[in-house]
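Welcome to a short guided tour! Please load the model in your viewer and keep the selection tool at hand.

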Amino acid sequence: QVQLVESGGGLVQAGGSLRLSCAASGSIFSINAMNWYRQAPGKQRELVAGITSGGTTNYADSVKGRFIISGDNAKNTVYLQMNSLKPEDTAVYYCNADLNTGPFPTMDYWGKGTLVTVSS
């Protein structure tokens, strides 16, 4: 069984910073990529940033230049450094991992989410 546990959410003023962490644990054979998604009230879940096991990153246009995703392969952990936060960044942030638990095709796993609230 695989678990993804996020931490680091909270309330911050506009212009501030937060750092999210997500640790994957359990019967993990290998991880292809880890991603951060977010879902604001009344909106669809959207990809914020992703990182592959090789270190390739991608970002949503709305967060480029403000957010930085990084990973620690040895710890199966991904981080999201969020700077210059805006009220429109308010959302539940979900960790996602594309991984396998053996010599099988990969599957998507999700954390339960952590709330980020940015006040104006």
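Keep in mind that this is a predicted model.

Begin by selecting Lys75. With a relative accessibility of 55%, Lys75 counts as exposed, because exposed means over 50%. You will find Lys75 in the loop between strand 7 (67–72) and strand 8 (77–82). Now add Ile31 to the selection: Lys75 and Ile31 are 44 residues apart along the chain, and their C-alpha atoms are separated by 11 Å.

Next, select Asn76, in the loop between strand 7 and strand 8. Its relative accessibility is 24%, so Asn76 counts as partly exposed. Look at the backbone too: phi of Asn76 is near 50 degrees, a positive value in a residue other than glycine.

Then go to Ser84, which sits in the loop between strand 8 and strand 9 (91–100). Phi of Ser84 is also positive, near 50 degrees, and this residue is not a glycine. At 41% relative accessibility, Ser84 counts as partly exposed.

Now turn to the inside. In soluble globular proteins, nonpolar side chains tend to be buried together. Which residues touch the most other members of the largest nonpolar core? Select Met34, Trp36, Leu80, Met82 and Tyr93, which do so in a core of 30 residues. Among the elements that give two or more residues to this core are strand 1 (2–7), strand 5 (46–52) and strand 11 (114–119). Strand 9 supplies the largest share, 5 residues.

Finish on Met34. Beyond its neighbours within four places in sequence, Met34 is in contact with residues including Leu4, Cys22, Ile69 and Cys95. Asn76, from your earlier stop, is another one of the contacts of Met34.

Technical notes
Residues numbered from 1 in each chain as written. Predicted model: local features only at pLDDT ≥ 70, side-chain atom pairs only at ≥ 80, totals over all residues. Heavy atoms only, no water. Helix = DSSP H or I, 4+ residues; strand = E, 2+ residues; numbered from the N terminus. Buried < 20%, exposed > 50% of the residue type's maximum accessible area, 1.4 Å probe, protein only. Core = buried A, V, L, I, M, F, W, Y, C linked by side-chain atoms within 4.5 Å. Contact = heavy atoms within 4.5 Å.
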